[in-house]
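Visitor: I would like a close look at a single part of this structure, with its surroundings described in a connected way.

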Amino acid sequence: MSEGQGTAVGVVAVGDELLVGAHPDLNSPYIAQRMIEFGRKVRRVVVVGDDEAAIADAVGGRAETGGLVFVTGGLGPTLDDVTRHGVAAALGVGLVEDAGALQEVREWFERAGREMLESNRRQALVAEGAERVPNAFGTARGFRAPHASGAVVMVLPGPPRELQGVFDAEVVP
């Protein structure tokens, strides 16, 4: 397989817990294994903490060398969940609230019999011009967006059970 722009794959795994070894990165090996099924190979995995500038730098770097960039983690409702902000910065766009994503988050809480907190609205933010990636397995909505280099950036949830479910339901098709 050629290493051209269209075939290369990169992964940016986000989370302070990954950097300090509190949790292993289970998502990057999963994505690498699944990419083989599609005739693609992960060329580089970058692990960064919950830092907007570091995320933007890692995503931008991977987008310049790869046709497909997966970003995992950091999509929760707390202020340190800044993946969506870092990705938007790498794309050179702002964030917008996606009404469909907000509805999905509300419905998830209703099904769980729990009250949605105002902080969960953050989980409906996507990069301008991005397409929402639904998550039937939790509240972290992802998105896919084009980078100026021509790469596609896929932002997915961090919990492995959610990532694997979303991958099968939304990425594979």
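Visitor: Is D168 buried, partly exposed or exposed, and what is its relative accessible area? Please take the salt bridge that D168 forms with R34 as the point of departure.

Guide: The model is a predicted one. D168 has a relative accessible area of 42%; because buried means under 20% and exposed over 50%, D168 counts as partly exposed. Its salt bridge with R34 brings the closest N and O atoms to 2.5 Å from one another. This pair connects distant parts of the chain, since D168 belongs to helix α6 (residues 160-171) and R34 to helix α2, with their positions 134 residues apart. R34 itself is buried, at 13% relative accessibility.

R34 also has a partner within its own helix: the side chains of R34 and E37 meet in a salt bridge of 2.8 Å, N to O. Both residues lie in α2, three residues apart, which is about one turn of the helix. E37, in contrast to the buried R34, is exposed, with a relative accessible area of 52%. In general, side chains of opposite charge can pair when their charged atoms come close.

The count of salt bridges in the model comes to eight. Another of them joins the side chains of R121 and E118 at 3.7 Å, N to O. Here R121 is partly exposed at 25% relative accessibility, whereas E118 is exposed at 60%. Elsewhere, salt bridges with shared partners link D98, E104, R132 and R141 into one network.

The nonpolar interior completes the setting. The largest nonpolar core has 25 residues, and V12, V59, V71, V87, F143 and V153 have the most contacts inside it. Helix α3 (52-65) gives the most to this core, namely five residues. Apart from this core lies another, of 15 residues, including I31, L156, L163 and V166.

Strand β3 (residues 68-72) is largely enclosed by the rest of the structure, because five of its five residues are buried. L68, F70 and T72 lie on one side and V69 and V71 on the other, so that both faces are covered. Strand β1 (residues 8-14) pairs with β3 in the parallel sense over five bridges, and G10 stands opposite V69. Strand β8 (residues 152-156) likewise pairs with β3 in the parallel sense over five bridges, with V155 standing opposite V71.

Technical notes: Residues numbered from 1 in each chain as written. Predicted model: local features only at pLDDT ≥ 70, side-chain atom pairs only at ≥ 80, totals over all residues. Heavy atoms only, no water. Buried < 20%, exposed > 50% of the residue type's maximum accessible area, 1.4 Å probe, protein only. Helix = DSSP H or I, 4+ residues; strand = E, 2+ residues; numbered from the N terminus. Pairing = 2+ DSSP bridges. Core = buried A, V, L, I, M, F, W, Y, C linked by side-chain atoms within 4.5 Å. Salt bridge = Lys/Arg side-chain N within 4 Å of Asp/Glu carboxyl O.
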